[in-house]
Structure formats: structure tokens, C-alpha cells
Amino acid sequence: MNAMNDTEIVQYVLRNKSNFYKILMVEQLATSDQIKIAYKKMALKCHPDKNKHPQAAEAFKLVGSANATLSDATKRRIYDRHGEAGVQRHESGGGRRPANGAAGGPYRRRPPGQRDFFEEFFFGPAQARAGPPGHNGNYYQADINVNPHMLLLIPIILFVIMAMLLSSTFTDTDASSAMFGASGAGGRGKSGVSSAAFSFTPSPDEGIVVPRTTSLYGLRVQFYTTRRMSEMMDRRRDIYLSMEKKVLEGQRDYLGRRCEAEAFKFRSRGRKEDPPVCGEYQQFRRALG
């Protein structure tokens, strides 16, 4: 560049007017600082006040256009893909849009100054372009970049969702539900005890209102049963043992699920000790085998 005289530098710029990188004499991978330095040198060389060539003004204008495009990250990306024509369409809000402004085109209408919070947070700022006459507001280019901060949050979000699901599914589940075999479909076991003959909470609609407390294996669990079943337990030892074992098994399964959910929450908070409910679960597990 320094070896060129006024005529040579102007002719060089005009000859390469379709290649902004060549106009500024930089590589396509040049940094923004390198582009800035190259522009200052070329602008000084082509300025009509210093360069007396008849076409110096035209060359100076090309140098300015090259700098305006390559110093803007969005325009530079469009230029690299679609050339100068793509940049011109971008600047004029061009591209095909539905005539009525409906969604589906490369641009979507948004009232001035209004941005969606999640769009701003997850995708970062979008470039606004003036809409065509008759439309109220700007058009925001739909081809926007994903904010890298959002990618870092994905594992945390998934972890929180899993913790909430596990907590709501296992921690708050009543042990009297059908999944524990307490108030199921009413099938009978080998000792004639109905799986719907007891519950951990009173159920007046089913007649399960008589409170009892287990004593088998020294484990005490309160449950409710029908009057008829309570009388049968008092008369027949096999039904008494079968009922108490089913109650204890239901309580054991309930505690096991609570232990799993609580342990997951402890680990998520960096706590290494076992939750208290896990000790109770192990006691039932050892007793029942």
C-alpha cells in the first residue's frame, strides 16, 4: 500500500470494488482491530483532499462502505454468505415478507421498544430494521444467535425439574395408595386378607374407620381397617399376622420411596449424610427381610 502512488491506489480500489476485504487489503479472517487499522490507512490514501486523482472520491466512498460492512459483526456475517447484495437487502429491511405482515417470513413485526424477556435472555439482542410504509413498528431479523449463557443453564434447569418431579411423586405420596398394595382392587391373598381391607388414613366411604397399631417385629404403625376385619384379626391369628405384615410391607415401601427422594435432595445440596427417613426404612427392611 505504501509503495502505491495516488493513481495506483485509486485504480486498485476500483478494480476490487466487489471484494471489501481486498479493498481494505485484509484477509477474510482479519480481526476487527486489523480492519480498523487498515481502514484508516486506506481512507487517508484515498481522501479527495490528499489524493488528486479524478476518481478519488469514488474510491474513498468504496473504502467507507467496506469498513461499514466489515466492522459490523452482523453485516459482515451476511456479506460473507450473500455478498454486498445481501447486505443491501438487510439494510433496507428487504427479503420476502408476507404482504399482510403475518408470521412465517424471515422478519416479524414488533412494536417499537418492546422485546420479549425470554427472547432477550436466551437469544441475546436482535438487529432491528425499519418496517415498510404502513406498518407500525420495527422488524426484527428472525435469524438470531443462541446466547451461550443459556446453554450453561440447561443442565441446572433439568436438574431442578427432576428434583421437583421426584419430590412430588415420592415424598408426598400417601402410603395408603394403590401403588403400595393398601387400597387396591380388592383381591385376596393366601390368608384371605383383602388388599383393600386397610388404609393408612380413615376412609368412611369404604367403612375403613377402625384404628389399629401394628406390634409385629416390634414395629408400630397406625392403620385403619373395617370393623369386620378388626374382629377377624382378634379371633384368628393367621389373619392378624397376615394383615400386620401387609401393613408393614406397605409402610416399608413408602419409606423406601421417601428415602430415595430425600437422598436425592441431600445430594443436590452437597450433603453426604443419609436422611433420617432412610434409617427408619432400613429398620423396616431388616425386620421384614
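The following questions and answers concern a predicted model of one protein chain.

Me: How many helices and strands does the chain have?
Reply: The chain has 289 residues, and buried residues make up 37% of them. Its secondary structure consists of 10 helices and 6 strands.

Me: Among contacts between residues at least 6 apart in sequence, what percentage join residues at least 24 apart?
Reply: Two residues are in contact when heavy atoms lie within 4.5 Å. Among the contacts in the chain that join residues at least 6 apart in sequence, the share that join residues at least 24 apart is 52%.

Me: Is N51 buried, partly exposed or exposed?
Reply: N51 is placed in the loop between α3 (32-46) and α4 (56-70). A residue is called buried under 20% relative accessible area. The relative accessibility of N51 is 1%, and therefore N51 counts as buried.

Me: Which residue has a backbone nitrogen that the side chain of N51 reaches?
Reply: N51 touches D6, I9, V10, K45, C46 and A56, not counting residues up to four places away in sequence. A polar atom of the N51 side chain lies 3.0 Å from an oxygen, the backbone oxygen of K45. At 2.9 Å, the N51 side chain also reaches a backbone nitrogen, that of H53.

Me: Which element gives the most residues to the largest nonpolar core?
Reply: In soluble globular proteins, nonpolar side chains tend to be buried together. The largest nonpolar core here has 25 residues, and V13, I23, L24, V26, C46, V63 and L70 touch the most other members. Two or more residues come from each of α1 (6-15), α2 (20-24), α3, α4 and α5 (73-91). The element that gives the most, with 6 residues, is α4.

Me: How many residues are in the second, separate core?
Reply: In the largest core, V13 is one of the residues that touch the most other members. Leaving aside neighbours within four places in sequence, V13 is in contact with I23, M42, C46, A59, L62 and V63. A second core, separate from this one, includes M243, L248, C259 and L288, and its size is 23 residues.

Me: Is F159 buried, partly exposed or exposed?
Reply: F159 is found in helix α7 (residues 148-171). Buried means under 20% relative accessible area and exposed means over 50%. F159 has 37% relative accessibility, so F159 counts as partly exposed.

Me: What accessible area do I156, F159, V160 and M164 have together?
Reply: The chain exposes about 17,600 Å², of which carbon and sulfur atoms supply 52%. On the surface, I156, F159, V160 and M164 form a nonpolar patch, and their accessible area together is about 380 Å².

Note on methods: Residues are numbered from 1 along each chain as its sequence is written. This is a predicted model: local features need pLDDT of at least 70, side-chain atom pairs count only at pLDDT 80 or more; totals for chains, interfaces and linings use all residues. Side-chain values use heavy atoms; hydrogens and water are left out. Patches are made of residues with over 30% relative accessible area and no salt bridge: like charges are joined within 9 Å, nonpolar side chains (Val, Leu, Ile, Met, Phe, Trp, Tyr) within 5 Å. Accessible areas come from the Shrake-Rupley method with a 1.4 Å probe; for residues, only the protein chains shown count as cover. A salt bridge is a side-chain nitrogen of Lys or Arg within 4 Å of a carboxyl oxygen of Asp or Glu. Helices (H or I, at least four residues) and strands (E, at least two) are DSSP runs, numbered from the N terminus. Buried means under 20% relative accessible area, exposed over 50%, partly exposed in between (1.4 Å probe, protein chains only). A polar contact is a pair of N or O atoms within 3.5 Å; within protein, one must be able to donate a hydrogen and the other to accept it, and residues adjacent in sequence count only if both atoms are side-chain atoms. A nonpolar core is a set of buried Ala, Val, Leu, Ile, Met, Phe, Trp, Tyr and Cys residues joined through side-chain atoms within 4.5 Å.
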